[in-house]
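Work through the exercises below with the sequence and the model at hand. Each task is followed by its solution in steps.

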Amino acid sequence: MKRIFALVLVAVVGILLFSGIYSMEGFPRYGEAEVSERVSMSYIDKNVTRENQEVVFGVSENLETGSANIVTSIIVNYRSFDTLGEVTVLFVSALGVSLLFGSFEGRLRSRYKPNFILRTGSKVVFPLILVMGAYIFIHGHLSPGGGFPGGSMIASAILLMYLADEDFRVRIDDFKKTEGIAGAMYVLLGLVGLMISNYFLSNFLDTGTVGTLFSAGIIPVVYVLVGLKVGSELTGIITDFLKGEVE
Amino acid sequence: MIQYAGIMLILIGIYGLLTQSNIIKIIVSLNIFELGLNVFIISVGFVREGIAPILTSVNNHNGLVFVDPLPQALVLTAIVIGLGTTALGLAFARSIYRQHGTLNLDEIGGPSNG
Amino acid sequence: MNSLMVLEIMVALLLILLSLLAIFSKKLITAIIYLSIVSMLAVLSFALMKAPDVAITEAVIGSGLVTAVFLFTLFSMRKEGEKE
């Protein structure tokens, strides 16, 4: 009975979705979006006043944002306040997880002992994954990636060590301190922007030439902070989930 | 075609949310719902002749046809938030299991339900 | 161009099929593994739709960390169930 009711409801929602979306005027067919008519065109031209200026990789200087990766320029420059909110949501959920697991002691143990090759091999791979994560969030304005995937890569390196070594422990207090300092620095950077050029989180540094490592003003700084914060938060979540068995 | 798959994933997620009674299965359905939504939002900005929205030394000026970067920016942060909410839901599931000894929502009875 | 469209249709069909399997599977661990496969296929579809940033993020989080968090929850419940 419940299943039939759910099936009817899902069918009604599906018909409404399909007919509603595809009869909507101006909704693009798949693969035929008109980017030149959307607000994104200003982000691609790196000029929100809608003057069509030319941006050339390695040549153009002193634009609104000097980031070669346009997605990064939206996340950390045009909509940076939004990103601050998202990082706060992640912090609150990590806080909730650690409150729920606060009374747990010890660590979960699997029934199978990790063998010698797994233990040694993961110790070789661990620093490589850490360096890869750091590379991804430092080069967030040039190549795909950025603070969010870089931070999660650091957390997954620590997950690998947890799985490979039974006695591996991180000093979680250091991670909590890193997270707090990174979050406070993000807000502080926004306040400095407010003092220098009258709006919160403005890009007050020199934006440089598009495509060089030291370009794009505060974007690499903010992305390094976001990467450290996300990495330490996710490490905290994983450490909390591995608690549980009283020794 | 991937756009239709996104909408179908949303519908499958809704069906799972309505019919499942195990908490873990409900969180799995929620994850499928979210994946479908992400695929749909990305597909709205897709241009078939477009290139990825990154300037490189090959695709080096802004006169080229790019894929819409705005949906990608929105989805990128939403994925990380999805992990946070999933972790919080699973933490609640674990504390429910510790208190009631079951994951099935039908078997957890209040005092009035007996 | 044409082979890419065939690949898109195959990815779309596999997404629908595997998410149905994830919903209807009886064992919890099977559902979690199917969810991991679905998110890996979503990575492929993001890459087909020219979104490399989203593809990297989904690959690390969706198929790595989310699966790990689900599996840890399941293992902890099995441990507590065995003690009783």
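**Exercise 1. Decide whether A:Tyr30 is buried or exposed, then describe its ring pair with B:Phe46.**

Step 1. The model is a predicted one. A:Tyr30 has a relative accessibility of 12%. Buried means under 20%, so A:Tyr30 counts as buried.

Step 2. B:Phe46 has a relative accessibility of 2%, so B:Phe46 counts as buried by the cut-off of under 20%.

Step 3. A pair of aromatic rings is described by the distance of the centres and the angle of the planes. For A:Tyr30 and B:Phe46 the values are 5.4 Å centre to centre and 35° between the planes, and the pair is tilted.

Step 4. This pair crosses between chains: A:Tyr30 is in the loop between H1 and H2 of chain A, and B:Phe46 is in the loop between H2 and H3 of chain B.

**Exercise 2. Find how many aromatic pairs there are over all chains, and classify the pair of A:Tyr22 and A:Phe27.**

Step 1. The count over all chains comes to 10 aromatic pairs.

Step 2. In the pair of A:Tyr22 and A:Phe27, the ring centres are 6.1 Å apart and the planes stand at 90°. Planes over 60 degrees apart count as edge-to-face, so this pair is edge-to-face.

Step 3. A:Tyr22 has a relative accessible area of 18% and is buried.

Step 4. A:Tyr22 and A:Phe27 also belong to a cluster linked by ring pairs, together with A:Phe18, B:Tyr4 and B:Phe40.

**Exercise 3. State how many salt bridges the structure holds, and work out where the partners of A:Arg38 and B:Asp68 lie.**

Step 1. Over all chains, the structure holds 5 salt bridges.

Step 2. One of them is formed by the side chains of A:Arg38 and B:Asp68, at 2.6 Å from N to O. A:Arg38 sits in the loop between helix H1 (2–22) and helix H2 (40–45) of chain A, and B:Asp68 in the loop between helix H2 (23–44) and helix H3 (69–100) of chain B, so the pair joins two chains. B:Asp68 counts as buried, at 3% relative accessibility.

Step 3. Another salt bridge is that of B:Arg48 and C:Glu8, at 3.6 Å from N to O. B:Arg48 is in the loop between H2 and H3 of chain B and C:Glu8 is in helix H1 (residues 2–24) of chain C, so this pair too joins two chains. C:Glu8 has 3% relative accessibility and counts as buried.

Step 4. In chain A, A:Asp174 forms a salt bridge with A:Arg171, with the closest N and O atoms 3.5 Å apart. A:Asp174 counts as partly exposed at 35% relative accessibility, whereas A:Arg171 counts as exposed at 65%.

**Exercise 4. Describe the second largest pocket: what is its volume, and which element gives the most to its lining?**

Step 1. The volume of the second largest pocket is about 360 Å³.

Step 2. Its lining has 22 residues, and the closest to the centre are A:Ile172, A:Gly236, A:Thr239, A:Asp240 and A:Lys243.

Step 3. At least two lining residues come from each of helix H4 (80–100), helix H7 (172–197) and helix H8 (219–241) of chain A. H8(A) gives the most, with 6 residues.

Step 4. By class, the lining of this pocket holds 9 nonpolar, 5 polar and 8 charged residues.

**Exercise 5. Find how many cavities of 30 Å³ or more there are, and describe the largest and the second largest.**

Step 1. The whole structure has 4 cavities of 30 Å³ or more.

Step 2. The largest cavity holds about 130 Å³ of space. Of its 14 lining residues, B:Asn31, B:Glu34, B:Leu35, C:Glu58 and C:Gly62 lie nearest the centre. H2 and H3 of chain B, with helix H2 (28–48) and H3 of chain C, are the elements that give two or more residues to this lining. The lining has 6 nonpolar, 6 polar and 2 charged residues.

Step 3. The second largest cavity has a volume of about 70 Å³. Among its lining residues are A:Arg79, A:Asp82, A:Glu86 and B:Leu74. Two or more residues each come from helix H3 (70–78) and H4 of chain A and from H3 of chain B. The classes here are 4 nonpolar, 2 polar and 3 charged.

Technical notes. Residues are numbered from 1 along each chain as its sequence is written. Chains are lettered from A and ligands numbered from 1 in the order in which they are written. This is a predicted model: local features need pLDDT of at least 70, side-chain atom pairs count only at pLDDT 80 or more; totals for chains, interfaces and linings use all residues. Side-chain values use heavy atoms; hydrogens and water are left out. A salt bridge is a side-chain nitrogen of Lys or Arg within 4 Å of a carboxyl oxygen of Asp or Glu. Helices (H or I, at least four residues) and strands (E, at least two) are DSSP runs, numbered from the N terminus. Buried means under 20% relative accessible area, exposed over 50%, partly exposed in between (1.4 Å probe, protein chains only). On a 1 Å grid over the protein atoms alone, a cavity is a set of points where a 1.4 Å probe fits but cannot get out, and a pocket is an open set with protein on both sides within 12 Å along at least five of seven lines; lining residues have an atom within 4 Å of a point. Grid points are joined across faces, edges and corners, and a volume is the space filled by probe spheres set on the points. Ala, Val, Leu, Ile, Met, Phe, Trp, Tyr, Cys and Pro count as nonpolar, Asp, Glu, Lys and Arg as charged, and the others, Gly among them, as polar. Rings of Phe, Tyr and Trp (its six-membered ring) pair if their centres lie within 6.5 Å; planes under 30 degrees apart count as stacked, over 60 as edge-to-face and the rest as tilted.
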